[in-house]
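Welcome! Here is a short briefing to help you find your way around this structure. Take a moment to look it over, and then read on.

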Amino acid sequence: MTMCERNETLRDYAFDELPANKIGEMEHHLAGCTECAAELRILRVTTAALRALPEQDPPQRIAFVSDKIFNPSPWVRFLALLPKYAALAVAAAALVVAIQRPAPEVRTVITTTSGSDITQQIDAAVSKAVSQVRAEVKAEDALITKAALAESDHKHDREHRMLVATMEQNLEVMQKRIGAATLLSSLEVPRNGAGQ
């Protein structure tokens, strides 16, 4: 059998999930197959590294590549393509006008006017779309910042409460020690005085 055919069995063996009756067969295979033995070493190192990582709470918000911020809307993508194809559209319109009307003055005026109007409309639409996307991004950033600040405040409050509790415990221990020292010193004074 090749490593590919034993791939799942190797994973089960590495994670101690292989049935007891197949363990001997897998160990025999590993003794003779350097590829599977190397793969087993890699699996064990990876597992050990993962177990050594500290446990952490998952983040409250995970951004995915499919989120709106990374993937603009179809309208924004369409508007982004318009400047690229505007010159082609103007050239095609000029060609159609040139074929239909032989007068060069009319062609020049129509081409200049329609090209200018289209460019202005495209610029206005692109500016509006960019402003809208920026506003959405700012709103999202504000929400993320607000959540991060709230979490930071919560963590600071927890740490402050723990510090105050520790200080109170230390103060209580110190008061007990002072009380015990005072009691011992009051007991020693008469004894010294009685001996003189």
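A search of the whole structure, which is a predicted model, turns up zero disulfides. The notes below start with the cysteines, move on to helix 3 and one of its residues, T47, and end with the confidence of the prediction.

**Cysteines**

- Why is there no bond between C33 and its closest cysteine sulfur? The sulfur of C33 lies 3.6 Å from that of C36, which is too far for a bond, because a disulfide needs the two sulfur atoms within 2.5 Å.
- Seen from the other side, the closest cysteine sulfur to C36 is the one in C33, again at 3.6 Å and too far for a bond.
- C33 has a relative accessibility of 14%, so it counts as buried.
- C36 counts as buried too, because its relative accessibility is 0%.

**Helix 3 and its two sides**

- Helix 3 has 19 residues, and from its first C-alpha to its last it reaches 27 Å, close to the 27 Å expected at 1.5 Å a residue.
- Which residues of helix 3 are buried? They are C36, A37, L40, L43 and T47.
- These buried residues cover an arc of only 120 degrees around the axis, so they sit on the same side of helix 3.
- Turned away from that buried side is a face carrying the exposed residues T34, E35, R41, I42, V45 and A52.
- What covers the buried residues of helix 3 includes two other helices: helix 1 (7-14) and helix 2 (20-32).

**A closer look at T47**

- T47 belongs to helix 3, which runs over residues 34-52.
- Is T47 buried or exposed? T47 counts as buried, because its relative accessibility is 14% and the cut-off for buried is under 20%.
- The side chain of T47 reaches back to the backbone oxygen of L43, at 2.7 Å. L43 is itself among the buried residues of helix 3.

**Confidence in the model**

- The chain has a mean pLDDT of 76, and 76% of its residues reach 70 or more.
- Among the elements of the chain, helix 2 has the highest mean pLDDT, at 89, while helix 4 (residues 74-100) has the lowest, at 73.
- Over residues 103-113 the pLDDT is below 50. Beyond near neighbours in sequence, this stretch has 10 contacts in the model.

Notes: Residues are numbered from 1 along each chain as its sequence is written. This is a predicted model: local features need pLDDT of at least 70, side-chain atom pairs count only at pLDDT 80 or more; totals for chains, interfaces and linings use all residues. Side-chain values use heavy atoms; hydrogens and water are left out. Helices (H or I, at least four residues) and strands (E, at least two) are DSSP runs, numbered from the N terminus. Buried means under 20% relative accessible area, exposed over 50%, partly exposed in between (1.4 Å probe, protein chains only). A polar contact is a pair of N or O atoms within 3.5 Å; within protein, one must be able to donate a hydrogen and the other to accept it, and residues adjacent in sequence count only if both atoms are side-chain atoms. The expected span of a helix is 1.5 Å times one less than its number of residues. The arc is that of the directions from the helix axis to the C-beta atoms. Contact means heavy atoms within 4.5 Å. pLDDT is the predictor's confidence in each residue, from 0 to 100.
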